[in-house]
Amino acid sequence: MAERCAVIGVGQTQHTSCRADVSIAGLVREAVDRALESAQLTMADIDAIVIGKAPDMLEGVMMPELWLVDSLAAAGKPVFRVHTAGSVGGSTAIVAAQHVMSGVHKRVLTVGFEKQSDGNAMWALSVPMPFGMPVHAGAGGYFSPIIRSYIKRSGAPSHIGCMVAVKDRTNACRNPYAHLHEPDWTLEKAMASPMLWDPVRMVETCPSSDGAMALVLASEDVADAHDGPKAWVHATAMRSEPTAFAGRNQVSPRASEDCANDLWRKAGITSPIDEIDAVEMYVPFAWFEPMWLESLGFAPKDHGWRFVEDGVTEMTGRLPVNCSGGVLSTNPIGASGMLRFGEAAMQVMGIAGDHQVDSVRKAFGHAYGGGSQFFAMWVVGKDKP
Amino acid sequence: MSDDVLRIRTPISIKYQYSAGPRVSSHLLGLMDGRFVGKRCPVCELVYMPPRNGTCAKCGALLGEDVEVGQRGTITTFCVVNVPFLGQTIKIPYVSATILLDGADMGMQHLIQEVDAADVRMGMRVEPVWRPREEWQPSLENVLHFRPTGEPDAPFESYAGHL
Amino acid sequence: MREVAIIASAQADNTATTTSTPVEMLIPVIQQVLANASMTKTDIGFWCHGSCDYMTGQPFSFVSAVDALGAWPPIIESHVEADGAFALYEAWLKIQTGEIDTALVFGNGRSSSGDINRILTLQLDPYVVGPLWPDDRSIAAMQARACLESGVVTERAMAEVAQRNHRNALTNPKALRRGDHSIEALMAAQLVADPLRELDCPAHADGVTAVIIAAGDRARGLAARPAWIRGIDHRIESQNLGNRSMTTLPSAALAAHKAGVANDKIDVAELHAPYTHQELLLTSALGLSEATTINPSGGALCANPMMSAGLARFAEAATRIMNGTADRALGHASSGPWMQQNLVCVLEGE
C-alpha cells in the first residue's frame, strides 16, 4: 500500500564543538544546501519540510522551525517538527519518508540539527527538577550503571569499550565532516584514558557538537528520473517503552528487540549479519556497540563483545559498524540519528568517500533516545524493495 | 571585519511552578517524617518507591495504596562519577547508585558515601544517613547518602531481575 | 488515499491551574477516549502526541507522557513539539502508508506552569526580536491595531466574536470561561493591551485532548457515524514580523484550498483563533460564509490549553458530525505568532 521512497540527496555540516561562524539558520542551510545540490534540486522544488531536533533549551529558541521558515524558503509549504529525544534524527527521517510513502508529497526535505554550543548543553539536558535527588552527571551517569550490568552479565573483558572507541575515532579520520579527528589512538592509550563514570572512560564518550544533517527524499517517479545515486527505503520501524518500571531490562530493552524484529520482517531479512553490508548505529558510549549488536540480532546474546574483539565490526570486517566515526566522534543531538540514517544511505549510494565500504547493497541506520527507550531504524538498499 | 558582531549573549529567565501531584504527596510527607513511603500499582501490584509521577508506567495506571518500605536496601548497579558539571553540588569522585530498598520492586537513585569508591559492589547492603531532622524538606535530599550496613552482600539472584 | 475518520474523542475539564502533574492529567483522558471507542490499548496501532518542553519547563517533558500509556509491551509511538493536531496529521500520514489502521493522538500541556505570554516570546527570532521580549499578547495587540486601522476588522466585530464565543461556552462543560455579555459591556471593558480587552484574549488553560482515528471499515465498525477526514493540509508563512501581512492569513487560505474546504458548504467550523480579531481574519481566509456556525464550543477564546487547543477543535468538530448535528465540519489548528502556521481539516458524515 505504501508508495516507494528513495533518498536522492544527502548533505551535512562541518561538525565541531562550536560553530561560532554561523547562526542557527546558517548551520541548517549548510546541510540543506549540500543536500539539495546532491539531489540536483532547488528550494523551489521541495514540497514539504520535516525538521527534527532535541530539547529547545539547547539553543534557547522555542520551536525554532517557526522562525526558520524564511531561511528554508518554506513559506506556503507544510513544515513539520518532530521531537523524540535522542532518536529524533532517525524518527524525523522516518516521518519524512512517510510524507512520501503516504503518496501525499513527492520531494521532501528533512533536516536534523543541534547548535548546542549556543546554550549550556549539560544543563539543558538535565535541568534540575524539584522533589527528586540529583545524582546523575548527565547521560554518562545514567548509562554507565547499565553498561556495568552488561559487563557483569556477559563476562566481557574490560578492554572492549576501548576497542570500539579506537575503531570509531580512527574511522572518523576518514570522514572530513566528523567533529573529532584524532588519528593517534591505540588500545593502550585508550585504556589509560581517565574514567568519567566508572566503568566508562573519557575516550568511550561522545563529544558535544554543533551540526546538521539533511536528506532529500523522493517518490518513485522522481527518484527514477534522478540520474544520480539513490538509496531506496526498504523498511522503517519505531518502538517505545516507558523509562522506568519494575523489572525493566535496560541492557537489551524489549523495545529495541521488537523494533529490530519488525524491521527485519518488513525488509525481508532473515539473517542480519549476512544480509546487511554496512551498519550505522547510535553508539554514544562505546560499550553500546556490543550491547546493540546483540539486541538487534546481529550477534547472539553475550557474544556482541566477541564480534568487537574479533574485528568483525572494523571497516574491513564482516559487518562494518560506524565507518563514519559514529556518535562517538560527532554528536549534535538533534542530528545524530539522521547522521546514522544518512550515512547508511551514503554507503548504499557509494558517496561515502574515504569511509566507503565496498559493494554495499543494503545498509542499516539506527537511532535511540531517552533512557534507552525510543528506537528508530531503517534499512536502505541499492535496489528497489 | 573586527567591527562585525559575531555573537551576542541573550539571557533568558523564566519562572516555572512544578507540581509533585497529589499522588506523590504521601511519599513526600513520609520523607518529612524520616520514612520511605511508596505506592502499589493496583493492576500489577508492584511497589514503586519513589512513586514516579504517581503512575505505573507499565500498566498506564494511577498508583494506589501507600506502602512503606524498609530503610535498608541492596545496590543493584552503580557508577563512580569523576566529571564536574554545572549544577552539580557533590564533591567528585562520588558513587551514584541504584538502590533496591527492602520491599520495593524498583530501585531508586542516590549517593553512596562512607566507603571507598573502589570497594562499592553490586549486591552491597546499604542504609540511609539522614540529615538532622530540623533540616528536613519534602525531598529525597533529606537523605544525605547511603552507607554500607556491613551485612553480607545480597545474592545476585535477589536483584538480577532489577538490573 | 485510504479513508480515515475520527471515531472518538475526550477532553479534560479545562482549568486555569492544577496541582496535578501532566501525567496525572493525562491518564483519565486516555482511559476515557478508549472507553468512548470501546477499545483497549492493544487495539491502538500508533500513539502520537504533541507537547512543548519550554511550556513545561523541562527538557524531554514528553517522555513522562509515555508513562500514561501503559507502553508495555512496547508500542509504536512518536511525538511532535507542537499542538496535538499535528500529531493527528502524523498519524493520518502513517495510516496512508498502510502500516497501521488505528491511532490514538493527544495533546497535553499546562499553560499555568509559567507566564505563558512570556514563554511564547521564545518562539521569535533569537537575535533581533526575542531579546526585546515582546510577549505574545502584545504581539497580538499589534496585529489587532493594524487590522483596526486598515478597516479589516472593527471593535464592534471583535466584541461580537467575544460575545458569541462566551455565550456558546455556556453549553460547553469543558470551557474555562463563559458568560452572557452585552456588546456595550464588552466594548466598555478595560483595555489590557490596547486595543485588546481581557475577553479579546484567550483563557489560557491546563488541559488534555485525545482523539482516536481509524481507517476504512475499521472506522465503520467502531462508530455509528464516523467523522471522515475528507481533506487535511497545513501551511506556514514567514514569521518575520516586519515583512509579513498583518491583516491576512495566506497560509490558512492555502491550507483551506488544499483541504477542499470550498467544495461544499461547511455547517460547523471550530477555529483555533486565540484572539477575537484573529477569528475574523481566519473566517475570511477560510472563505466561511454566514451560514457556518463558528465555534459552538466557545473556541480557543474560552479555553486555550496550549498544545491541545487545536486538537480540541478537531474533537469538537468531529463530535458534531458524529452526533448528527452537522454533515460537514471544519477543524483548524494554529501555531506561531499572528497565526503563522495553519492546519485545516474537513470532516464529513456519511
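Okay, let's start with one pair: A:W197 stands opposite B:V81 in β6(B). The strand on the other side is β5 of chain A, residues 195-198, and two bridges join it to β6(B), running antiparallel. For pairing, DSSP has to find at least two bridges between the strands. Strands here are DSSP E runs of at least two residues, helices are H or I runs of at least four, and both are numbered from the N terminus.

Before I go on: this is a predicted model, where local features need pLDDT of at least 70 and side-chain atom pairs count only at pLDDT 80 or more, while totals for chains, interfaces and linings use all residues. Residues are numbered from 1 along each chain as its sequence is written, and chains are lettered from A and ligands numbered from 1 in the order in which they are written.

So, back to chains B and A. Their contact takes 39 residues from chain B and 34 from chain A; contact means that the C-beta atoms, placed from the backbone, lie within 7 Å. Which elements of chain B give two or more residues to the side that touches chain A? They're α1, β6 (73-81), β7 (94-101) and β8 (108-112). The largest share, five residues, comes from β6(B). By class, that side of chain B divides into 22 nonpolar, twelve polar and five charged residues. Nonpolar covers Ala, Val, Leu, Ile, Met, Phe, Trp, Tyr, Cys and Pro; charged is Asp, Glu, Lys and Arg; the others, Gly among them, are polar.

Next, chains C and A. Here 49 residues of chain C are in contact with 49 residues of chain A. On the chain C side, the elements giving two or more residues are α2 (53-56), α3 (62-66), β3 (77-80), α4 (84-96) and β8 (227-236). α4(C) gives the most, with five. That side of chain C has 25 nonpolar, 15 polar and nine charged residues.

Last bit: inside chain B. The domain assignment, which is an automatic or database one, gives domain 1 (20-69) and domain 2 (70-163). Their centres, taken over C-alpha atoms, are 19 Å apart. Domain 1 puts 14 residues into the contact and domain 2 puts in 15. On the domain 1 side, α1 (22-31), β1 (36-40), β2 (47-48) and β5 (66-69) of chain B each give two or more residues, and α1(B) gives the most, three. How many charged residues are on that side of domain 1? None: there are twelve nonpolar and two polar.

Terms used. Contact = placed C-beta atoms within 7 Å.
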